[in-house]
Structure formats: structure tokens, C-alpha cells
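Trainee: I'd like to learn how to read a structure like this one. Could you walk me through it?

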Amino acid sequence: MPAFRQVGEKQLPNPVLCMAWSPKRDLIALANTSGELLLHRLASFQRVWSLPPSEYTGKDITALAWRPDGKILAFSLGDTKQVILCGVEKAEILHVFPIQSPVTCMHWMEVTEENSALTAFYNSEDESVMFLPKLPSLPKSYSTTSKIFSEEKSDEITNLLGEVRLNILVLGGSNGSVELYAYGMYKIATVTEISGMCRSLGLSSDLKSLSIITEVRSAENDPEICYCQLDTGLLSDCLPEVTRMARKFTHISTLLQYLHLSLTCMCEAWDDILLQMDHRLTKFVQEKNTSTQVHDEFLELLLWGQSSPELQALLMNQLTVKGLKKLGMSIESSYSSIQKLVISHLLSGSEALLYHLSEVKGMSLWKQKFEPLGLDSAAVESIDYHKLNVERSFGKYLTFFVLSLLRLGAITAVGSFSLKANELLQVIDKSMKNFSAFFRWLYVAMLRMCEEHVPPELNKMTQKDIAFVSDFLSEHFSENKELFDRKGKYFNVERVGQYLKDEEEDLVSPPNTKGNQWLKFLQESAYLKESPLLFPSYPQKSLHFVKRMMEGVIEQCLQKPAEVIGKSIHQAVFLPLYTVPESSENTPRLFELPSLWNDKKAKVHNVVFSMPEISPSKLYLLRKATDPHRHIANSVMSIDLSHILDNVDDDNATAHSSFVYSCQDARFYDDEMLTIVLQEPDEENGRCILAQLPLTSTLSSDTEFMWEPNKRLDQQTSAIPCQGIMLGNQWRELENMKAQFVAVNGIRKVACVLSANLRHIRVFEMDVEDEDDEGADSQNVTAEQDVLETSMSSQGKEEEQGLTAKDQSAEGRGLRTEDKLESEESLELS
């Protein structure tokens, strides 16, 4: 009876580059060569959703990692140098951040250490809900044209925070750099002094050390695989403070994302229909024969009810009565939508941002606790503008006046953003009143031109209304030659859109502050003129500009802790392991050994690897304590894979007992078990084996390996203690499959085997007993099924992204049912 139960098999249309099991659910994520991200469930390897590549994000996926709670999936893109956080439930892109170099590996871990200070913080972390209202959900209808984010956007942005317990996303780069992101969003450390390219890494759950597998290249020799252990003692020693600071900064990062999406919704709600009036008026000026100003033409129509033939043709032929009515309704709808977004989203998010930054300022004043981590009150209150990337954030043509404003701190920058949002509200309110009166008068005038009936309720116009329309015409319909030189038009009737444009230039029509008693009082007061208690308003700048300035100031405020913590991390161990021949360059990097595993109970870093060029029938295990200063026994061991099936009680035992097996792949199933894929020497006809290898017997050797300095491990393999192991019945032959790679999850007790051509996949439940012939039946998947699955997967983009509406509904119901079962299983496991 074969061990393990096969529950699914599939032939995929595109080669798989990355695969990773969810830590909480029976779901596996796959990334293929076309840049597509796929999510499959264990049962029959059924696809849940697919996320196609995008020109705005990229298509070269280089690494995958699950958040420990299984709700967020992170993946990196090499072509655009970005890391993306994707929601698992709806395949939504929730957060995107840039990186300096392409990511070659990533690891997302959860801190398991407990102490009284952390427990108190966990219990009080949600105190902000008592002072701040819940942020309203972003409207779905305004997200349909977003370049990066999907159509449905509700509470997912705020759900980026996840659980309170600290989790850290670790990114390894091609240039040897390592970055640590708390909660997957806030960078808490950057390490650059690492030799070679990162191929695998793992941060210990007690935060005492970080293990890295690097590939060091030289011009003369083959690439060299090395093990590097970094001492991250500062994170471990200051764990409560790191958690508090990281959580607060993650709140801030999430709110910045919320404000960005709110502003995106405002831009999408803005209707550019009024721009047509600007261009039509400009064309009218260029084509009319008289030298009369446009506002004079409209004033003549207002006062005497008469108009020139040119103006009458403009109104009746181009604008039309029906078009004027549609224009008024469009403007009112657009402005009302933007006004609601500013009040409910932009201002609410700004208030929450001010709250959390104020708490950060309070934390920074507790120097005994937070100063060692680089949290300085000066960074929150004042910014060194010389360190800002001015060209990227603010353009090349900023004046010294604007640069000097950057000395202001993060709290002041958020206050300025709130002032600019309130200024936009005033402009919207004034514009709605002006356009309402103007369109009402013009509508009546055009009806009279057509000699149509004018409703009595519209025919009444007081002297005050006439003066109001006259002022509006003088302000909005005066020709501006400077504007024509810049924009190619003489008029700027619409005043709201200029606040939403992401441009470096000043506002075309800034608000008129003449006669403002408060501003006059500030200018005449020597004490209040430069007071740090007052937020600058930047009357010449757009809302987009002030937002980018705020983001730049806050970004610098968050940078210093990452620099300080990064400098505290230093190399404690560096061990050269073996060389890699250039012939293996075509192998996908993410599937290559070594494989890392952190034993949380024993507090040990485990590294499993093979050296096929020196000893093809051996598997090696390197063990290092998470505390770099603690020594452990049996630090290096080897496992002899020769005759590993000799104790098998079957007809082929004698025939295969003399074979020497080589390890194709090995992954840690749990702390005590290793899942391996074995291959017989004959690559064409040799059989492949999936097996579970117990590590307890491997570590029972009394011989201690003494590492000779200045030598690689492959140069002293004869001194490494070797242990032979018999698998018993914990193995299974993979018939009709040239298996080479495996991904496992010991918590969910599942494994996924991938063939050498990266297209053929088999999925197994590992810790179950087969009933009747279920295991044998599931093993023999028919060729017709493979052909059917292959054809279905290549039916086009619509088929790739989903089924029919009816099938999708059934699919969603099935997923919700399975999620419920998986949640119950998670509770049982916990």
C-alpha cells in the first residue's frame, strides 16, 4: 500500500517558478513564467483565482511569501523592482512599495517570544478606536479605472495591519542587501554589508539572528555557496519597543495608503467637461472679428439682453440649451462627489494620521526606551531638507522658499495637508454657488434666444443676482495671455481640477486672499508670523503637491530607525560551504538547495543541502543556534542515501537495494522531519521517490565535526559524521513523473511535487492512512484528464480569470464553506 494520499494532479500550460503553501489553509500559491500568480486549493488542485501580470506592476515574479496569518500574500517583481502585498480572499493588490535591487528570496516570520510588556501592549493596542472614528470604506464605483488596484475596494486597506503580534517580512536582494519590513509594510532595518547574492534566508522567531545563504562569485572560480549568520540582538533586546514603534509606523503607512487611494477616487470623480468650455471660449476669441473682450460680450447679454452674432452662434450651435443643462448636472454631481470624499475620507484620514504621529512624538520623548532604536523627537518635529530626494519628490525647479518649508516636521506637514483639503472644500463650495447662478441666468438667456417659454420660477432675477453674475464673469471670463502661453487657452473657468493635478507648476487660479483679516493679522504680527504652532497653507500649490511633500517628510521621519537598527546588525558567522558548477545556471534559483528552517523550540537554524559534484548520494545538515554565542552539538552531519530502501518488503527490494539515490530536493516538513525527492542514477528510466526522512536518528551521532578554518566544507567532507537511515514505509514511488522539486507544509500535512519540466504537479496529503484502493486509484490519473486540463487552462484570458457568473457563484460558495472548515481546523491546531 503506497504511503501518502495523492489528492490532485495537473498539467500546467506555463512553467512554475515559485510555489508556497499557506501556513493556515490548504491553499498553495504558484507563480509561472508568464508573470501570472495562481492560487489553488488542496482538493483536486482546484484553482481559486488567478492574478494576471500588469504593465503597471510587472510580470517577472522572483519570490513568494505568506503572511503568518495566511491572509496576505507577498510577491516580488524583478522587472519593476517592486514588492506587492495581495489580499488572498479577492486577489486584490493592497499595497505596493519599491525596492533598490531585485528580490531573490523572501521570508515572512512571526515573533513567538512573550513577556509582560508585550502582553500589556497587545491588550491596549486598539486604544485609538476610542478616540478616532472608523475610517469609511472607499467607494467601489470610483476604483474601476485605477491603474494598479482592482475594482472592489472596501476595508482591505485597513486590514493590512493584521494581527497585533509582530511579524517581519525579510527580503534578500541580488546585490547582497537585506531589508526587514515590520508587518510587511514598515522598513525597520537595512543591511548592505553582505557578500554575494542572497539565495535563501530565515529570521529566527526570537529575533536573535538572521541566517542567509549567499552565492559569492569571483572572476576566477565557480560560484561559491556560503552560510552567513547575522546578529540581530538589538531587535531581540528591545522587542517590546520595536513592536510598539513598528505597529505605530505601520498605522501611519496604512493611512498614507488610504489617503493616496482617497485622492485617486477624487481624481476619478472629477469631470473634465468644463474644460471643453475653456477651449471653446479660446476658439471664440481667436475667430471673432471684433476686439471686444469675452466678459464684455457676456455683460452686454446680461445687462441688455443682446448678444453679438458670434456669441449667439457659440451659445446656440456649440453649447446648446440641452448641452448647458447636461453641463450643469455633470458639474454638480462631480463637485458633490469630490466634496463628500474630502470630508469623509481625506479629512478623516488626516486626523487619524495626526493622532498617530503625535503618539510617535510622545514615544520619541521616552529616550531611555526608544532612542537606541533611532526614534528621535527632532525627526518627528523637524526635517533636514538636505537629505530629502528633492528631484524625485518635488521636481527640479523648486525655489529656495519651497525647500525651506521642508524644515517643518511630519506633524506640521500633515496639518498643511489638512489645510489644503479645507481650502479645496471652500473652492468647491464657491464654485457650486457661482456655477449654479451663472447656468441659471445663461439658461434663461438661451431660452429667450430660441423664443421658447421661460418658466416663471427662473424668470425672476434681483439686482443682487445681477451683481453676483457680473462679478463671476469678470473673474472667470477675462482673457489671460500668460495662461495661453502655458496651457494654450485664455480661460480657466474650472477651478477645482487644478488642485487634483499631479503637476509641479503653481495653481493657475490660486484662491483670492485679498481682504482676509486673519492673514493680514498674521503678517502684521512679529510673533505669529514665524510661529511653529501655525501650519503653512501653500496657497500657490495643488493638493497633490502638498500630499507628496507630506509623504516625503514622513518618509524621512521613518527612515532613521531603519538606519540605526541596520547598523547594529553585524555578521557573527560566515561559513563557505561548496562551489556550484556553471552548468547549473539554468536551474530556477528558488528551487535550488540549500533550504533553511528555524526550529522554534530548540532555537536552532537548520540548513539542508547537497553537494552532487563531490558526494551525490549524501545529504548534509548544518545546525546553528539562534543565539550566535551559543554552541550546539552535531553542528554538521551528513545522511547517507545509499540503500535507503533496503528494508522494503516488496518484490523489487532486491533489485533496487544496490542503487545509489541522489537527492533532487529537500524541504523541512517540521522540526523533526525532512521531505525529500530521490532519483535513481538512470535519469531516463530511473524511478523517483517521495519520502519522509526523520531527523532524530540523524542527530544521534557522538562524533563531533571540527571545522578547519580557511577551508570550505566541501574540502573536508571526509571528517563529517555520516549516518545511514532506513525509510521504512514512509516513502512512495512517483510513477510516470520525473519529479525534482517539492513544497511542503507540516502544519497542514500537505506536499506538492513539481516535475523537472516545471509543468507537471502532484499534490499529497502526507499524514493519512489510505482506505481500500483510494491511494492507488488517485495515483493513476488518466491521460485524457491531463489533456482536458491543459486545454481548459489555455482557453484564453477570460477562462484563465474565472468561470461563468453561475459557476463563479458556486465557486465562491465552495470557498466560503472550505474557509469555514479551515478556520475550524486552525482553531483545533492552535
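Mentor: Sure, we'll go from the whole chain down to two sheets and a loop. Keep in mind that this is a predicted model.

Trainee: Let's start wide. How many helices and strands are there in the chain?

Mentor: You'll find 22 helices and 29 strands. Of the 830 residues, 53% are buried. The chain exposes about 38,400 Å², and carbon and sulfur atoms supply 50% of that area.

Trainee: And what share of the contacts join residues at least 24 apart?

Mentor: Take the contacts between residues at least 6 apart in sequence: 66% of them join residues at least 24 apart.

Trainee: Now the sheets. Which strands stand at the edges of the sheet β10-β11-β12-β13?

Mentor: To read a sheet, follow the strand order and look for strands with one partner. In this case, four strands (4) make an open, antiparallel sheet in the order β10-β11-β12-β13. β10 (103-110) and β13 (186-191) each have a single partner strand, so one side of each is left without a neighbour in the sheet. On average, neighbouring strands are turned by 20° against each other, direction ignored. β12 (residues 178-182) pairs with β13 in the antiparallel sense over 5 bridges, and E179 stands opposite T190 in β13. Helix α3 (residues 239-269) packs on this sheet, touching β12 and β13, and its direction makes about 115° with that of β13.

Trainee: What is the strand order in the sheet that contains β16?

Mentor: That one is an open sheet of 4 strands, ordered β14-β15-β16-β17, with antiparallel pairing. Its edge strands, β14 (197-203) and β17 (570-579), each pair on one side only. The twist averages 20° from one strand to the next. β16 (residues 224-231) and β17 pair antiparallel over 8 bridges, with I225 opposite Y578 in β17.

Trainee: On to the loop between α16 and α17. Is L533, which lies there, buried or exposed?

Mentor: Check the relative accessible area: over 50% counts as exposed, under 20% as buried. L533 sits in the loop between α16 (517-524) and α17 (543-568), and it is exposed because its relative accessible area is 74%. Together with W518, L519, F521 and L534, L533 makes a nonpolar surface patch of about 510 Å².

Trainee: Why does Y538 count as buried?

Mentor: Y538 is also found in the loop between α16 and α17, but Y538 counts as buried because its relative accessibility is 8%. Y538 and S416 are 122 residues apart in sequence, yet 7.8 Å apart in space, C-alpha to C-alpha.

Technical notes:
Residues numbered from 1 in each chain as written. Predicted model: local features only at pLDDT ≥ 70, side-chain atom pairs only at ≥ 80, totals over all residues. Heavy atoms only, no water. Helix = DSSP H or I, 4+ residues; strand = E, 2+ residues; numbered from the N terminus. Buried < 20%, exposed > 50% of the residue type's maximum accessible area, 1.4 Å probe, protein only. Contact = heavy atoms within 4.5 Å. Areas by Shrake-Rupley, 256 points an atom, 1.4 Å probe, with all protein chains shown as cover. Pairing = 2+ DSSP bridges. Axes fitted to C-alpha atoms, helices over the stretch in contact; angles between N-to-C directions. Patch = residues over 30% accessible without salt bridge, like charges linked within 9 Å, V, L, I, M, F, W, Y side chains within 5 Å. Salt bridge = Lys/Arg side-chain N within 4 Å of Asp/Glu carboxyl O.
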